[in-house]
Amino acid sequence: QVQLVESGGGLVQAGGSLRLSCAASGRLSSMNAMGWYRQAPGSQRELVATISSGRTTNYADSVKGRFTISRDNAKNTVYLQMNNLKPDDTAVYYCRADFWWGSSSVYWGQGTQVTVSS
């Protein structure tokens, strides 16, 4: 019913920047918050940043001041601008979208790898 396609991952040196994009398609009525999560090897998936339909944002403490989340509702796309990347940011980054169709539904993208070399 909903497809989320991420792009923009890759390999970058510490201190560099990357911009992730996540385009949503399908049944998009009542789409609420969108967000980015990440999972490093041997670790649990963790929140990176979220943005509500009204563009209220929330960030993990570890990325505050370095990452910026934004969304273009006309394009059904959410972005994550990542600056001053650190090796600890290395992970698979997943896009998430929350919906309300009488009950909560959550969809995930397939993930995009971000690798930061020291």
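**Exercise 1.** Find the ring that arginine 45 lies over, then look for another arginine placed over a tyrosine face.

*Solution.* Start at arginine 45: it lies over the face of tyrosine 94, at 3.7 Å from the ring centre. Keep in mind that this is a predicted model. Next, go to arginine 19, which sits over the face of tyrosine 79, with 4.1 Å to the ring centre.

**Exercise 2.** Track down the disulfide and work out which parts of the chain it ties together.

*Solution.* Step one, count: the structure holds 1 disulfide. Step two, name the partners: cysteine 22 and cysteine 95, with sulfur atoms 2.1 Å apart. That passes as a disulfide because the cut-off is within 2.5 Å. Step three, place them: cysteine 22 is in strand β3 (residues 18-26) and cysteine 95 in strand β9 (residues 91-100), so distant parts of the chain, 73 residues apart, get linked. Step four, check the handedness: the angle about the S-S bond is -80 degrees, and the link is left-handed.

**Exercise 3.** Decide whether cysteine 22 and cysteine 95 are buried or exposed.

*Solution.* Buried means under 20% relative accessible area. Cysteine 22 comes out at 0%, so it's buried. Cysteine 95 also has 0% relative accessibility, so it counts as buried too.

**Exercise 4.** Classify the ring pair of tryptophan 101 and tyrosine 107.

*Solution.* The whole structure has 4 aromatic pairs. In the pair of tryptophan 101 and tyrosine 107, the ring centres are 6.2 Å apart and the planes are at 65 degrees. Planes over 60 degrees apart count as edge-to-face, so that's our label for this pair. Zooming out, ring pairs join Phe99, Trp101 and Tyr107 into a cluster. Tryptophan 101 has 21% relative accessibility, so it counts as partly exposed.

Methods:
Residues are numbered from 1 along each chain as its sequence is written. This is a predicted model: local features need pLDDT of at least 70, side-chain atom pairs count only at pLDDT 80 or more; totals for chains, interfaces and linings use all residues. Side-chain values use heavy atoms; hydrogens and water are left out. Helices (H or I, at least four residues) and strands (E, at least two) are DSSP runs, numbered from the N terminus. Buried means under 20% relative accessible area, exposed over 50%, partly exposed in between (1.4 Å probe, protein chains only). Rings of Phe, Tyr and Trp (its six-membered ring) pair if their centres lie within 6.5 Å; planes under 30 degrees apart count as stacked, over 60 as edge-to-face and the rest as tilted. A charge sits over a ring if NZ of Lys or CZ of Arg is within 6 Å of the ring centre and within 35 degrees of the ring normal.
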